[in-house]
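Open the model in your viewer and keep a selection panel at hand. The tour begins at one strand pairing and then zooms out.

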Amino acid sequence: MSLAELQRIEAERVIGSYARQPVEFVRGEGTLLWDAEGNEYLDFLCGISVTSLGHCHPAIVAAVREQAGRLMHTSNLFYTEPAMRLAERLSAGSLGGKVFFCNSGTEANEAALKLARKARRGGDIVVVEGAFHGRTYGSLSATPQEAKQAPFAPLVPGFRAVAPEPDALRAAVDERTAAVLLEPIQGESGVHVLSDELLMSAREACDEHGASLIFDEIQTGMGRTGTLWAYQRSGVVPDAMTVAKALGGGVPIGALITGKRLADVFAPGDHGSTFAGGPLVAAAALKALELTDDPALLARVEQLGVELRESLAALPHVVEVRGRGLMLACRLDVSAPEVAARALREQRLVLNATGPDTLRLLPPLTISDEQAREGMARLEEALAGG
Ligand SMILES: *Cc1c(COP(=O)(O)O)cnc(C)c1O
């Protein structure tokens, strides 16, 4: 089927909630993607930080193939080993409590919000301006962005957004607060790193008033910032965190991970999902986690991140570089959507614009030095072409 044919079907038959670039990808391997005409692309986006180990990582492909041929789904009415092993590994390697599985990022946040409110028997949720937590009603209510929220009012009550400042955050938390929910690095709003001071004041305010501190690590987790979880660098430990995106190495799985205090808040019947934690996705996630939780890989992400930040800062039209590890963005003095479109079309470099002046780069954690250099050279060309 030609691209024109796909576009015709989309226009006639697909609900228009996405603005797609005019490219059809048919194959991927590591950092590379190929379109239907056989053109090769460098992928500096990873499906928005999902294929963080590269496309079709052989060990993940093997795990999926093996599990698909054995058992794909039974529901949570029964036991399967991959989910239990994944829960053990996720919990032991982070907050030490318990895990609830789901199928996406927004669902992980829905679970976290329900958990926090049940733990407090109600209460407000405090979020930070510029946050993005997802598209379903609870997560959308936690996403204080007018354009995303306004058409869908009324939202879920009891959400308050504060400026990303320690004093504002402290002032917003009291004994009626169920939780503070935040991304250690805000992804969708353009890779804004929240300060350690802000995270610490959130921790202190929650401790003082008995509220839960929840980190949304859906984009920052799974090695993206140079540690397995972003909270590990800040030293601020949340009461729970949500993960998804790269967790499945390319297949859809999300999870809520609690610390000990929140581990036993849900009782049977409180929450659930038919697909959640199925053996197919759990087997993939177990392999992805095993591959990502590797000190050598994480050290390389950190080091390469430093190098890429320097390279980006030296490019024309780049006025600011933000981020950590391989979660990077640059602010431009030209149109970021136009640069991203030119990079894709003329340079065969995949990245995205999070706003009118911000380009985001989320290359695979497994990218080679040569591919990283080549990506920078292509981006320079795309920037120069404007
Ligand atoms: C992507 C993202 C979400 C939503 O995840 P979905 O899988 O698209 O529902 C939530 N929070 C953050 C920080 C994200 O980056």
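Select strand β11, residues 240–243, together with β12: the two run antiparallel and are joined by four bridges. Keep in mind that this is a predicted model. Now pick Ala 240. Across from Ala 240, in β12, stands Thr 258.

Next, add strand β4, residues 96–102. β4 also pairs with β12, antiparallel, through five bridges. Pick Phe 101 here; its bridge partner in β12 is Ala 255.

Now isolate β12 itself, residues 254–259. How many of its six residues are buried? Six of the six are, so to speak, under cover: the strand is mostly covered. Colour the two faces separately. One side carries Gly 254, Leu 256 and Thr 258, and these are buried. The other side carries Ala 255, Ile 257 and Gly 259, buried as well. Thr 258 and Ala 255 are the residues already picked as partners of Ala 240 and Phe 101.

Zoom out to the whole chain. Switch to cartoon: there are 14 helices and 17 strands. Draw a box along the principal axes, and the C-alpha atoms fill roughly 55 × 50 × 50 Å. The radius of gyration is 21 Å, which agrees with the value near 21 Å for a compact globule of 386 residues.

Colour by burial. Buried residues make up 51% of the chain. Turn on contacts with a separation of 6 or more: 68% of them link residues 24 or more positions apart.

Finish with the surface. Its accessible area is about 17400 Å², with 53% belonging to carbon and sulfur atoms. Then show the charges, 37 positive and 49 negative; their mean positions lie 4 Å apart.

How values were computed
Residues are numbered from 1 along each chain as its sequence is written. This is a predicted model: local features need pLDDT of at least 70, side-chain atom pairs count only at pLDDT 80 or more; totals for chains, interfaces and linings use all residues. Side-chain values use heavy atoms; hydrogens and water are left out. The radius of gyration is taken over C-alpha atoms; the globule rule is 2.2 Å times the number of residues to the power 0.38. Buried means under 20% relative accessible area, exposed over 50%, partly exposed in between (1.4 Å probe, protein chains only). Contact means heavy atoms within 4.5 Å. Accessible areas come from the Shrake-Rupley method with a 1.4 Å probe; for residues, only the protein chains shown count as cover. Lys and Arg count as positive and Asp and Glu as negative; His and the chain ends are not counted. The place of a charge is taken as NZ of Lys, CZ of Arg, CG of Asp or CD of Glu. Two strands pair if DSSP finds at least two bridges between them.
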